[in-house]
Amino acid sequence: MAHEPEESESGSPIYRHEPREKPFEPAEGDPLAIQQISHHIERFVGPVNTVLHELVSDLVHVDIHLVEPTADRPYFSLVTSGMSDRPMNVPDGAEDCRHAELVVALPPDWPMKQDAWHDENHYWPIRWLKMLARLPHEYDTWLWYGHTVPNGDPAQPFAPSTKFCGMLLAPPVLYDPKFSNLAVHDDKVIHFLALVPLFRDEMELKLRDGAAALYARFDKYNINELIDL
């Protein structure tokens with residue numbers, strides 16, 4: 001459970017979470033939801049070549065759908081399913097934001113064999129997809145555009161090969177705008193949030209001046225969900 005939020009210099013809430021108290025709760029994937037999300041990915045991103053299935057799941061069953069690079073889209077696209085099986089604990093007025101999934105893009109030369117993922121230098125984007133997909137359900141909180149999550153307090157690099165040490169949730173920009181939302185039924189709309197890794201000074205800028213200031217810098221330098229070490 002999160003404490004009552006503090007406020008950053010920009011006035012944005014800062015949530016700090018206690019160590020998890022919930023016991024392990026086995027979860028199975030919702031076949032219909034997986035199918036709907038897969039069709040949505042294939043319609044707006046590309047053919048799903050591989051699905052990385054969880055063998056044992058806690059709270060939600062998180063799979064990762066992998067779309068391989070093409071000439072038009074020269075990067076791997078990784079999209080979760082399962083995070084949206086449970087609603088997030090959103091504040092009043094944000095009831096439309098209760099269901100989300102995550103997406104990130106990796107360069108075409110990123111090692112994508114599971115043997116390579118024993119090396120954290122290659123695995124950390126996959127780890128963060130899975131971790132953030134489960135985080136709202138572990139701590140009765142929510143994730144949304146403009147939220148940042150540091151890798152510890154103080155934040156530490158994700159892996160020896162990078163100084164990235166935090167993650168921003170942002171609107172996807174590499175895909176058709178229609179990809180951002182999937183209306184499952186009248187009471188459930190799934191929003192797709194992009195992961196953008198951050199350096200320490202970028203997290204500090206966001207806390208000081210707000211997400212809009214960081215987005216403006218990213219727009220200027222064409223920074224998006226395609227990870228560039």
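## Exercises on a predicted model

Asn 222 lies in the segment that follows helix α4, and the exercises below, which all concern a predicted model, begin with this residue.

**Exercise 1.** Determine what is unusual about the backbone of Asn 222 and of Asp 140, and classify each residue as buried, partly exposed or exposed.

*Solution.* Start from the general expectation that most residues other than glycine have a negative phi. Asn 222 is not a glycine, yet its phi is positive, at about 60°. Asp 140, found in the loop between α2 (120-139) and β7, is likewise not a glycine and has a positive phi of about 50°. For the classification, recall that exposed requires over 50% relative accessible area and buried under 20%, with partly exposed in between. Asn 222 has a relative accessibility of 62% and therefore counts as exposed, while Asp 140, at 29%, counts as partly exposed.

**Exercise 2.** Describe how helices α3 and α4 pack, and decide which orientation class applies to them.

*Solution.* First take the geometry: α3 (residues 200-209) and α4 (residues 211-221) pack at an angle of about 135°, and their axes are 6 Å apart. Next, an angle must be over 145 degrees to count as roughly antiparallel, and 65 to 115 to count as roughly perpendicular. The two helices are therefore oblique to each other. On the α3 side the contact is made by Glu 202, Leu 205, Lys 206 and Asp 209, and on the α4 side by Ala 211, Ala 213, Leu 214, Arg 217 and Phe 218.

**Exercise 3.** Locate Lys 220, state whether it is buried or exposed, and give its C-alpha separation from Pro 171.

*Solution.* Lys 220 belongs to helix α4, and its relative accessible area of 62% makes it exposed. Along the chain, Lys 220 and Pro 171 are 49 residues apart, and their C-alpha atoms are separated by 16 Å.

**Exercise 4.** Identify the residues of the nonpolar surface patch that includes Leu 55, and place Leu 55 in the fold.

*Solution.* The patch is formed by Phe 24, Leu 55 and Val 56, which together have about 400 Å² of accessible area. Leu 55 sits in the loop between β3 (50-52) and β4 (63-67), and because its relative accessible area is 85%, Leu 55 is exposed.

**Exercise 5.** Characterise the peptide bond that joins Asp 153 and Pro 154.

*Solution.* Most peptide bonds are trans. The bond between Asp 153 and Pro 154, however, is cis, with omega about 5°, and Pro 154 lies in the loop between β7 (148-150) and β8 (166-170).

Key. Residues numbered from 1 in each chain as written. Predicted model: local features only at pLDDT ≥ 70, side-chain atom pairs only at ≥ 80, totals over all residues. Heavy atoms only, no water. Patch = residues over 30% accessible without salt bridge, like charges linked within 9 Å, V, L, I, M, F, W, Y side chains within 5 Å. Areas by Shrake-Rupley, 256 points an atom, 1.4 Å probe, with all protein chains shown as cover. Salt bridge = Lys/Arg side-chain N within 4 Å of Asp/Glu carboxyl O. Helix = DSSP H or I, 4+ residues; strand = E, 2+ residues; numbered from the N terminus. Buried < 20%, exposed > 50% of the residue type's maximum accessible area, 1.4 Å probe, protein only. Axes fitted to C-alpha atoms, helices over the stretch in contact; angles between N-to-C directions. Parallel < 35°, antiparallel > 145°, perpendicular 65-115°, else oblique. Contact = heavy atoms within 4.5 Å.
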